[in-house]
Amino acid sequence: MTELRCRKTDTSEGATGEDEGQIEPEVQTADTKEPVNTEEDEGSVSIGGDGGDKRQKDEGQDAHHKEEESNRPESAVKRSKSSSASVFLQRLVRVFFGFLAAVACGILYAAYLSAYHDRKFWFSTRQELEREITFQGGSGVYYYYYKHMLTVPSFERGFYELTLDNRTISGQTINAVERLSLYPELITSYIYRVTDSQDFVEPIYFYVGAVFGLQAVYVTALFVCSWVMSGTWVAGMLAVAWYVINRPDTTKVDFAIPLRDNWALPYFSCQVAALTGFLSNNISSATEMFCYLTMSVTTFTFLLVWEHSHYVLFIQALCLFLLDSFDLVPPRKMADIQKVYLTSLFPVYLCQFQNPALLSSPLLGLLIGSVLAQYFQQKMKKGPLVARVMKLFLHFHLVFTTAITFSYLVKKLIPVSESDFILKFLEVKFGLNTTTDFITNFLMCQESFQTPSQDLFLRLTQASVLPFYLLVLTVCLLSTLQTIYRRLSGQPMKTNIRLEDGRIGEQPEVIYHVFHTLLFGGLTLLFDGMKYLWTPYVCMFTAFGVCSPDLWMTVFKWLKLKSIHPVVLSLILSTAVPTIIGFSLWREYCPRVLAELSDVQEFYNPDTVELINWIKSQAPVAAVFAGSPQLLGTVKLCSGSAVTSLPLYSDINLLRRTEDTYQVYAMRSAEDIYKILTSQKTNYVIIEDSICNELSLNKGCRIKDLLDISNGHVIHDKGEIYSFSKHGRFCHEIKMNYSPYTNYFTRVFWNRSYHVYKVNTVISFQY
């Protein structure tokens with residue numbers, strides 16, 4: 001079978017009108033699909049002598065056209081490839097310089113902390129004992145265990161001794177690793193051993209350097225978090241600048257290096273940065289996997305090194321629960337985050353020797369309640385507005401009821417010692433109850449648990465953080481509420497948001513940080529100690545807002561700005577505003593920060609040094625000392641002697657022992673104090689004049705006032721409170737050196753600040 005194909009030939013010289021109408025047939029067989037031209041066909045086609053020449057011209061032109069058509073897409077592909085390569089190169093350069101700036105900020109901050117610490121305490125010129133005393137607030141007890149791990153023959157031997165420690169608290173054998181969360185000291189001492197660092201650096205410098213290195217990681221993570229949200233690393237630099245300027249309200253590393261907060265919060269900062277990237281819609285699958293793995297590692301580490309970390313993660317999980325309930329984050333991502341929490345909780349539960357507080361934690365209860373509610377309410381996110389709101393209230397009720405029930409059952413099956421006193425403390429804190437209990441009132445008087453003073457907000461305002469924070473929070477919150485309304489009304493969530501849309505509240509990572517800063521801000525208004533969790537993210541969130549074109553575009557979208565193009569204006573403001581802020585901060589605060597390094601400060605406590613030297617030279621090695629928890633932490637660190645209590649306010653048993661030891665400042669008889677101290681196997685009791693003669697404007701929070709209230713030695717008369725007892729105040733009476741006090745106690749050391757009395761093993765009744 002043949003196929004006839006026609007082609008019109010071009011006219012040439014000598015061609016007639018008949019030539020224009022000639023048809024050139026090509027015979028093509030069905031089998032070979034190739035043209036087969038016979039001589040007859042050629043004769044019929046070639047009318048006149050030029051027929052063959054015409055056909056050759058036509059074939060040459062066709063070939064030329066085909067070559068041009070084939071060349072056009074190749075050039076277009078080359079141009080697209082070159083443009084994509086240039087875009088990738090620009091992005092790579094931008095990311096490289098951004099990470100370089102982030103790492104540089106972290107290293108500079110660590111160097112600044114090291115220089116400031118050395119300048120403040122004259123750290124490099126002190127003897128070992130004087131260096132250890134600089135660990136204030138009783139935090140030095142953690143460093144003692146680090147020293148112990150370096151003196152034992154092997155790491156395994158030291159770990160075993162810490163799990164069966166009978167040389168710390170008198171009359172008790174404790175698991176110090178579980179009781180004090182000593183994994184930072186274990187890991188640091190192990191690294192110091194295996195790297196043979198003893199040949200290059202002293203143990204105390206290695207320990208302090210590890211903490212300062214983590215602070216560098218902290219600010220680097222804040223930098224990256226603000227950079228990821230805003231799209232410019234200028235926001236990261238502004239966040240770090242605000243963090244350093246507001247250092248008294250962002251970190252406690254200045255005065256208590258070994259505290260668990262200083263080890264744990266850098267990991268939490270990395271976890272928040274990874275979570276921010278994971279929630280973002282505009283990331284690749286490889287980046288999402290990297291963020292997921294980073295979240296898993298940092299969540300596990302954060303839970304491991306701080307006993308209160310599960311409460312912080314509960315607040316974070318509550319923010320994510322709200323995102324999921326309002327359908328603001330894909331269910332797949334929410335399921336992955338829940339897996340991170342669960343796969344971190346149970347290994348930490350095992351590493352902390354089956355710590356029952358983790359099983360009864362509100363975090364685990366919230367996770368279980370959320371999973372069950374999702375199973376029973378699979379169609380919660382469907383339907384009209386009113387129906388979805390009703391389903392939402394039912395969802396909240398189901399989740400929180402399940403969480404509370406689960407925690408209650410766990411506490412009944414596995415008694416948790418601190419749960420009751422935490423509940424009593426919260427009742428007193430919120431004014432639901434009053435009590436004379438010493439421990440509850442003692443915790444209420446701690447600065448961390450009191451409401452913050454106006455000085456906090458004044459300092460944040462002077463550093464220009466608070467005004468811009470309120471602006472950014474207001475815009476993001478209103479945009480978030482708009483997004484929630486649209487989602488409940490059934491409108492889909494936009495994944496590819498353009499700058500022209502002006503919808504900053506539709507970005508899941510922004511919504512999370514709005515909830516994050518609101519919840520932690522609310523807790524800061526109740527507890528001053530929460531500012532160390534809130535203020536760093538205020539700096540980060542504010543820096544993101546002022547550097548984000550999306551925020552300014554959202555404002556202009558609401559204002560319906562038409563006089564100037566809103567996109568152009570938003571881009572200008574996102575560059576101009578942080579530039580002006582940065583210049584003003586540099587001009588005002590840079591001289592102050594540098595002045596802190598040049599100022600010569602003097603921290604020297606000769607009375608404490610004299611006391612420790614006496615204990616190390618005169619007291620028996622097996623002696624047990626009683627005193628205030630902060631002082632006992634220093635005694636344990638510097639001398640290694642056993643003590644009656646430790647500065648650990650999350651352990652109710654230690655708090656009870658602290659209350660008994662503090663009775664030396666109450667109106668109790670010598671016989672009562674002797675019985676209390678001998679029950680704790682005390683050999684020496686240290687009385688501090690700073691507590692016995694304490695003068696404070698907040699009279700109800702002095703130790704002796706709290707003891708008088710607890711012991712019932714208080715009389716109320718016409719609105720005034722008076723202390724009264726048939727016995728004088730013990731710390732005053734014992735200094736008189738008369739019977740019966742000399743029968744039970746013998747003074748063996750004293751100076752301007754401390755009086756040390758030996759508890760007599762044989763009572764001598766002299767009158």
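This passage walks through the fold, the core, the disulfides and a few backbone oddities of a predicted model.

Starting with the big picture, the chain contains 34 helices and seven strands. It runs to 767 residues, and 49% of them are buried. What about contacts between residues with a separation of 6 or more? Of these, 70% join residues that sit 24 or more positions apart. On the outside, about 37500 Å² of the chain is exposed, and 61% of that comes from carbon and sulfur atoms.

Moving inside, the largest nonpolar core takes in 199 residues. Helix H9, which spans residues 203–230, gives this core its largest share, with 15 residues. The core residues with the most contacts inside it are Cys476, Phe625, Tyr665, Phe730 and Phe745. Phe625 makes a handy example of how such a residue is surrounded. Leaving aside residues up to four places away in sequence, Phe625 touches a list of partners that includes Trp614, Ile615, Leu632, Val635 and Val643. Not every partner is a greasy one, though: Ser641, Thr644 and Thr682 are among the residues that Phe625 touches too.

Next come the disulfides. A disulfide is a covalent bond between the sulfur atoms of two cysteines. Searching the whole structure turns up two of them. One joins Cys445 to Cys701, with 2.0 Å between the sulfur atoms. This pair ties together distant parts of the chain, 256 residues apart: Cys445 lies in the loop between helix H20 (438–444) and helix H21 (454–462), while Cys701 lies in the loop between helix H31 (689–692) and helix H32 (703–711). The torsion about the S-S bond of Cys445 and Cys701 is about -80 degrees, so this disulfide is left-handed. Are its two ends buried or partly exposed? They fall on either side of the 20% cut-off: Cys445 counts as buried because its relative accessibility is 19%, whereas Cys701, at 22%, is partly exposed.

The other disulfide pairs Cys692 with Cys731, and here the sulfur atoms are also 2.0 Å apart. It again links distant parts of the chain, this time 39 residues apart, with Cys692 in helix H31 and Cys731 in helix H33 (residues 730–733). With 80 degrees about the S-S bond, the link of Cys692 and Cys731 is right-handed. Both ends are tucked away: Cys692 is buried at 1% relative accessibility, and Cys731 is buried at 0%. When the bonded cysteines are numbered in sequence order, the pairing reads 1-3, 2-4.

Back on the surface, a nonpolar patch is made up of Phe88, Leu89, Leu92, Val93, Phe96, Phe97 and Leu100. Together these residues offer about 710 Å² of accessible area. Phe96, one of the patch members, belongs to helix H3, which covers residues 51–121.

Finally, the backbone has a few quirks worth a look. The peptide bond from Ser739 to Pro740 is cis, with omega near 10 degrees, and Pro740 is found in the loop between H33 and helix H34 (741–744). Trp122 is not a glycine, yet it has a positive phi of about 50 degrees. Trp122 sits in the loop between H3 and helix H4 (128–133) and is partly exposed, at 36% relative accessibility. Ser464 has a positive phi as well, near 70 degrees. Its place is the loop between H21 and helix H22 (465–488), and at 18% relative accessibility Ser464 counts as buried.

Key
Residues are numbered from 1 along each chain as its sequence is written. This is a predicted model: local features need pLDDT of at least 70, side-chain atom pairs count only at pLDDT 80 or more; totals for chains, interfaces and linings use all residues. Side-chain values use heavy atoms; hydrogens and water are left out. Helices (H or I, at least four residues) and strands (E, at least two) are DSSP runs, numbered from the N terminus. Buried means under 20% relative accessible area, exposed over 50%, partly exposed in between (1.4 Å probe, protein chains only). Contact means heavy atoms within 4.5 Å. Accessible areas come from the Shrake-Rupley method with a 1.4 Å probe; for residues, only the protein chains shown count as cover. A nonpolar core is a set of buried Ala, Val, Leu, Ile, Met, Phe, Trp, Tyr and Cys residues joined through side-chain atoms within 4.5 Å. A disulfide is a pair of cysteine sulfur atoms within 2.5 Å. Patches are made of residues with over 30% relative accessible area and no salt bridge: like charges are joined within 9 Å, nonpolar side chains (Val, Leu, Ile, Met, Phe, Trp, Tyr) within 5 Å. A salt bridge is a side-chain nitrogen of Lys or Arg within 4 Å of a carboxyl oxygen of Asp or Glu.
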